[in-house]
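Please look through the sequence and the model shown here before reading on. The paragraphs that follow take one helix, then the pairing of the chains, then a second helix, and finally the DNA.

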Number of protein chains: 2
Amino acid sequence: MAREEKPKRATIHDVARVAGVSAATVSKVLRSVGSVKQENAQRVREAVAQLGYRMDPLASGLRNENRKIIGAVVPDLESPFFGALVTGLERAAEAAGYAMIVASSRESEDREADLVARMNDWRVAGTVLMPVRSERGRGAEQLRALGMQAVLVDRVTADGEFDTVTADNYAASASVAELLLSAGHRHVLLHGATQVSKSVRTRLAGFADRAAALDPSVRVDRLLSDDDTETQRRAIRDYLDGFAAGKGPTAVFSLSQYSTLLVLSELRRRGVRVPDDMALVGFDDAEWMHTTWPAITAVAQPVEAIAERAVATLLARVEAGSSAFPVQHLEPCKVIERESTLSRSVPAQSSLPGE
Amino acid sequence: MAREEKPKRATIHDVARVAGVSAATVSKVLRSVGSVKQENAQRVREAVAQLGYRMDPLASGLRNENRKIIGAVVPDLESPFFGALVTGLERAAEAAGYAMIVASSRESEDREADLVARMNDWRVAGTVLMPVRSERGRGAEQLRALGMQAVLVDRVTADGEFDTVTADNYAASASVAELLLSAGHRHVLLHGATQVSKSVRTRLAGFADRAAALDPSVRVDRLLSDDDTETQRRAIRDYLDGFAAGKGPTAVFSLSQYSTLLVLSELRRRGVRVPDDMALVGFDDAEWMHTTWPAITAVAQPVEAIAERAVATLLARVEAGSSAFPVQHLEPCKVIERESTLSRSVPAQSSLPGE
DNA sequence: AGCTGAATGTAAATCGATTCATTCGTCATG
DNA sequence: CATGACGAATGAATCGATTTACATTCAGCT
């Protein structure tokens, strides 16, 4: 019940004393630099084990210019996407021997700039910034102002100063266009909820460009908005009401996870059967999509690859001091076909030219 | 393109020089302790502003026994629940002037113990542990062994050494029992997926106890398992197949988020209408539950309250040095009624005694 | 034996902020 | 006028590890 006295931790000097060498020697053994006699090295290792010594990363970082910490600033920790991303970053950082400090900007640009400054206070080796807005936001601005090393991830395109890593939204959306057109769809609705962000616009362009290239006669409608949920629902209803029975789009490509949810629920509400009456593809996969019935076809983002690439890119600059021109990395997505695009009754209105 | 030279940061000595006082005085002004002449204090503040000085938390923490950092160890960052919890913790910690280090144990007990030790390396003031298993897991064991200050959150009951904070699973489940029974349901299925954890068992007991108390004749079936998804799906089908049409349970109470998803998808697959044929209540709310159609009635956990309570409890021990007997905090949940329990056609088989 | 260069070891300085023990004024009081 | 008492300021020590600059040892060669 009463807390036992906290046993004070052994310091590097304690280890040195037990091993009968100097602290400097212990330090050399621990970070395996310089040369130490086999025998002494052994005794140090024994002393470490005996005392249960563990280095204080704080004290270590103080003297060392090169602090083994990387910072991560994320717009939102409540979404599974960023949760997974952060998990991946952590794993990669740890593998490289770095600790990671995470902070959520909670979708606020002011807070984002603030957090970047705070990362600089910690003298992190580098920062992974997943911006609220884009590479032109306040966070990136702050990074530049402070002359920090960083990688920009997810809601960005290329940048003149920092490396960037994103899912290949454009190519993935083009694949979706192929998938839907080759299944015979000739009238598709593109729906985007939440912010009309850079990613969403890229996805839209990827689909539209490829669709037009495959068949110029295909009709692509767009429904984009930043309004609140209720307004968006009404917009969907109004759109669908504008078509007589048997007319209207035969497929929906929703450009974000929330958008998929919204569209699906409106379809269900009015009794539109998926996929029989309407095919559905969503950008960004989620657990509920493969568990629900019918399971939803979705574009899965390569979260793990993005995370690994981000850390690798960052550390390449930090450690190797590479100052090459910044690179934009695009990681390929995967389209996972599920029940929502199963063409049981292919809505055949026309067939692909040449197929 | 070429990085500008990183401008070296001003130290407390630079500030002292500019202000024409000693570093010690600057320190006193900055942390507002001791006594400093008004005039000097003012000049220090001006120097700080002029140089854009910011304290190095690392250097500060080194000398200070009291490092303003709290650690958080979470079993999983990809689930919105823990994501929200961590966000709340971060907010609360920041409000109290603490930095927070987050790490995910990824549902591994070994890793959990490891992370706790690592938090100790950082000499954190205290740790918020959301255990993989329970207060008897490896993480908690490590906390005890190292004599650390900590709060245990979420997958725990009372503990003899640490304060604990959880949602009041028992009471919330009892409310669900009241809700369903008073709507006329007399045959309910309790379904639990994922681990048969402490939380799930508490929820089960809460429902069963209250249901029995209200009406001893009510039938409560249980379907619990730790198997893979496909096996669980089959179990649900087999269970439902065991009843003739018009017979069987009229409501399902699913004891975890994933369980809700699973049950709902099986109901949809076999064309069981919710809520007309079957009412559904899920423990743990999620975005898709209020967006989907029909929207699902769910028990919302007070994430923000849990987070605040956890940090408050921890800091009370750390700062005030309180060594009172450990307390178990139960935060009340809220049952959010939505369409999935709307009794359009109340399945009246019997009525509540006395109602 | 004497010399050289490499290998090995260590005392001390350092990182940036905090705190302790002391000094320096100033003003009140016996 | 001497003696305290108290407010204010500061030099130096400290936190724990790393690194620098230098000392020592040793093997190999003339």
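In α5(A), 12 of the 16 residues are buried, so this helix is largely enclosed by the rest of the structure; buried here means under 20% relative accessible area, computed with a 1.4 Å probe on protein chains only. The model is a predicted one, in which local features need pLDDT of at least 70 and side-chain atom pairs count only at pLDDT 80 or more, while totals for chains, interfaces and linings use all residues. Residues are numbered from 1 along each chain as its sequence is written, chains are lettered from A and ligands numbered from 1 in the order in which they are written, and side-chain values use heavy atoms, with hydrogens and water left out.

Among the buried residues of α5(A) are A:Phe81, A:Phe82, A:Leu85 and A:Glu90. Helices are DSSP runs of H or I with at least four residues, strands are runs of E with at least two, and both are numbered from the N terminus. The end C-alpha atoms of α5 (residues 80-95) of chain A are 22 Å apart, which agrees with the 22 Å that its 16 residues should span at 1.5 Å a residue, the expected span being 1.5 Å times one less than the number of residues. After the helix comes A:Gly97, with a positive phi near 85°.

A turn of 180° with a shift of 0.0 Å along the axis lays chain B on chain A with an RMSD of 0.1 Å, the copies being superposed by least squares on the C-alpha atoms of residues with pLDDT of at least 70 in both. That is the relation of a two-fold axis. Both copies use the same surface, since 100% of the contact residues of chain B recur in chain A, where contact means heavy atoms within 4.5 Å.

In chain B, the buried residues of α6(B) include B:Leu115, B:Val116 and B:Met119. The buried residues of this helix pack against α4 and α5 of chain A together with β1, β2, β3 and α7 of chain B.

Turning to the DNA, 26 residues lie around strand C, and A:Asn40, A:Arg63, B:Ile12, B:Arg31 and B:Tyr53 come nearest; a residue is near the strand if one of its heavy atoms lies within 4 Å of it. Of the atoms of DNA strand C that come within 4 Å of the protein, sugar and phosphate account for 69%. A polar side-chain atom of B:Tyr53 lies 2.6 Å from a phosphate oxygen of DNA strand C.

Notes. A polar contact is a pair of N or O atoms within 3.5 Å; within protein, one must be able to donate a hydrogen and the other to accept it, and residues adjacent in sequence count only if both atoms are side-chain atoms. Buried means under 20% relative accessible area, exposed over 50%, partly exposed in between (1.4 Å probe, protein chains only).
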